[in-house]
Amino acid sequence: MCGIIGYIGDKKASDILISGLSHLEYRGYDSAGIALMHGKDIDIYKAEGKLVNLIEVLKTKQDVCEKSKIGIGHIRWATHGLPTTINAHPHTCNCKNLTLVHNGIIENYQELKEELLAKGCIFKSQTDTEVAAHLIANEYGKTNNLLKAMQNAVKKIKGAFAFCAIHKKEPDRIVVAKRNAPLVIGVGQNENFIASDIPAIIEYTKKAIYLSDHQVGVVKKDSIEIYDENDSLISNKIELLPFEAIAISKMGYKHFMLKEIHEQGDVIRNILSGKLISPKDSIVLEDFKLTKEQINKIKRVQIIACGTSLHAGLVGKYIIEKFAKIPTDVEPSSEYIYRDTIADENTLVIGISQSGETADTISAIKQVKENNSHIAIITNRTDSTMARLADSLLAINAGIEVSVAATKSYIAQLISLYLLAIFLGEAKEISCYKDEIINLKQELIKLPNKIEELLEHTENIKTIAKKYSSFKDFIFIARGINYPSALEGALKLKEISYINATGYGAGELKHGPIAMLDSDMPVLAILNTGIVYDKVLSNCEEAKARQARLIGVADYIAPKDKDLFDDLIMIPKVSDTLSPAVNIVVLQLLAYYIAEYLGKDVDQPRNLAKSVTVE
Ligand code: AGP
């Protein structure tokens with residue numbers, strides 16, 4: 001996590017650094033800092049807490065800000081050391097000639113620290129980053145060259161990093177390095193930019209160089225040099241950036257999360273376009289690179305993901321097993337990497353990740369790549385590390401998602417999985433669900449309108465949110481294909497309101513969780529007309545008999561059963577198979593309005609970060 005930014009040119013660096021950091025706040029926000037270089041001086045300003053605190057500090061330093069045209073900045077998500085000002089980046093060496101910002105984790109920092117202490121380095125913070133500052137400075141002592149110092153230092157570092165370093169004796173450059181943490185260099189006219197992610201620089205340039213792992217770069221205002229892991233100069237590959245600046249505006253919504261929830265209709269239209277032509281046509285997935293013959297050889301599917309993406313994967317299991325008849329396992333990436341997993345050339349591995357930068361999923365994918373399995377990556381970021389590891393890259397094209405809580409990317413992942421499941425089934429010529437598939441395609445085409453209709457009538461959800469906002473605990477229950485909806489609904493509520501919410505398969509309630517039920521424990525039950533409807537209804541009866549307050553999210557409730565529920569949210573009717581894509585919108589809104597009513601920081605919940613780049 002953490003976000004880094006750098007600027008070198010003729011403009012006021014502090015403005016560009018602060019604006020860039022504001023677009024990286026989703027990566028972490030427990031402290032921030034910048035270093036400004038003017039002449040042969042470097043001034044460092046840091047503040048604990050959110051970026052606004054650093055902006056306040058800078059208001060009193062306008063003289064330095066005005067004259068500084070080079071700088072580096074950082075927004076932190078603490079891993080080593082508390083989120084204090086002293087631990088905030090940038091960090092320096094003993095003589096303060098070198099200043100550095102870092103994203104990632106230095107795994108051998110203890111070992112390096114001992115060596116550096118023995119050489120007389122004095123450490124001020126508890127961070128692993130300060131070790132890198134001293135280490136590079138130490139190498140500078142031997143070479144008098146910042147590029148060479150960085151090249152030598154990174155060879156001694158184990159772990160993940162994206163570095164930006166400046167040195168008082170080389171005031172015309174920023175030296176950068178990358179391994180297993182994202183870093184992009186924005187290419188400008190007589191100015192250049194460095195950032196962890198595109199939103200930080202998109203308003204200044206649409207041209208960029210993505211640094212690859214093990215590369216080191218020298219960024220000056222009118223040139224960029226990139227060196228490979230053998231320290232050889234390589235030619236620059238300039239790419240066009242995919243995002244418009246408009247994507248990072250709230251467009252009148254109070255929060256990005258609400259805006260992103262409302263974008264879901266269009267997100268679905270976008271994914272379906274060109275892939276689902278008509279209910280009678282087969283799904284077109286040009287980006288899926290396996291032939292019919294190869295698909296027929298697939299013996300198992302393994303889905304690897306984390307958090308919300310994992311929940312999308314759980315829905316994927318239901319539909320891949322149903323429509324493609326391939327046994328499918330779903331596992332959190334963080335567990336997958338510490339097991340002897342069985343995957344071979346007849347295994348299709350699907351990695352799902354909004355950001356494409358989740359460290360656990362990247363490690364799992366790298367691990368499985370050695371087994372010759374076909375790797376399909378479902379991601380919102382075609383410019384990400386994971387995308388670069390893909391054999392088949394399935395872009396969800398949801399547009400940039402700013403709010404830390406994933407919403408539109410989840411629905412986009414779901415729709416991609418529906419398309420993939422049908423596609424695999426069609427390639428295998430499985431005919432048993434032919435009519436159901438035609439119906440599902442019809443429903444998919446109508447889905448954006450249904451969701452938009454739902455989003456126009458949210459008064460009931462707002463009222464229920466207010467009524468339940470004072471509860472400290474929540475249970476979400478569902479069965480079948482909506483079991484993942486219960487998990488995702490609970491995760492959303494937890495993430496942004498800090499209410500303790502847990503999702504259970506409704507049938508599991510009686511095997512333990514029922515012990516917690518009383519009038520202080522609201523139970524939200526998801527009921528869709530389908531094979532598990534009656535079963536979930538019985539589970540609701542069991543909950544009600546224990547005085548739990550019952551909220552139903554349902555597409556139908558018989559008049560005789562209505563009294564069972566304290567509150568009901570009725571949703572548009574779709575097939576049981578497609579219902580997770582509708583139910584989740586209600587659960588997102590409920591979580592949003594509860595958090596909003598409680599006055600929480602919806603877009604940037606405490607302790608979280610949008611892309612979790614540490615294992
Ligand atoms: C979603 O609301 C969460 N912030 C989190 O669970 C997230 O889904 C998880 O960290 C995985 O991220 P990814 O999709 O970018 O890999």
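How many Å separate an oxygen atom of the ligand from an N or O atom in the side chain of Thr 358? In this predicted model, the two atoms are 2.4 Å apart.

**View 1. Polar contacts of the ligand with Ser 353, Gln 354 and Thr 358.** The side chain of Thr 358 places an N or O atom 2.4 Å from a ligand oxygen. At Ser 353, a polar atom of the side chain is 2.6 Å from an oxygen atom of the ligand. Gln 354 takes part through its backbone, where a polar atom lies 2.7 Å from a ligand oxygen. On its own the ligand has 410 Å² of accessible area, and the protein covers 91% of this.

**View 2. The shell of 15 residues around the ligand.** Ser 309, Ser 353, Ser 355, Thr 358 and Glu 495 are the closest of these residues. The shell comprises 7 polar, 6 nonpolar and 2 charged residues. At least two shell residues come from helix H10 (307-323), and at least two from helix H17 (483-497). In terms of domains, domain 2 (256-453) and domain 3 (459-597) each contribute at least three residues to the shell.

**View 3. The contact between domain 1 and domain 2.** The protein is divided into domain 1 (3-248), domain 2 (256-453) and domain 3 (459-597). In the contact shown, domain 1 supplies 14 residues and domain 2 supplies 11 residues. The size of an interface is often expressed as the accessible area lost when the parts come together. Between domain 1 and domain 2, about 1100 Å² is buried, with 54% of it on carbon and sulfur atoms. The C-alpha centres of domain 1 and domain 2 are 35 Å apart.

Terms used. Residues are numbered from 1 along each chain as its sequence is written. This is a predicted model: local features need pLDDT of at least 70, side-chain atom pairs count only at pLDDT 80 or more; totals for chains, interfaces and linings use all residues. Side-chain values use heavy atoms; hydrogens and water are left out. A residue is near a molecule or strand if one of its heavy atoms lies within 4 Å of it. A polar contact is a pair of N or O atoms within 3.5 Å; within protein, one must be able to donate a hydrogen and the other to accept it, and residues adjacent in sequence count only if both atoms are side-chain atoms. Accessible areas come from the Shrake-Rupley method with a 1.4 Å probe; for residues, only the protein chains shown count as cover. Helices (H or I, at least four residues) and strands (E, at least two) are DSSP runs, numbered from the N terminus. Ala, Val, Leu, Ile, Met, Phe, Trp, Tyr, Cys and Pro count as nonpolar, Asp, Glu, Lys and Arg as charged, and the others, Gly among them, as polar. Domain bounds come from an automatic or database domain assignment. Contact means heavy atoms within 4.5 Å. Buried area is the accessible area (1.4 Å probe) that two parts lose on being put together, summed over both.
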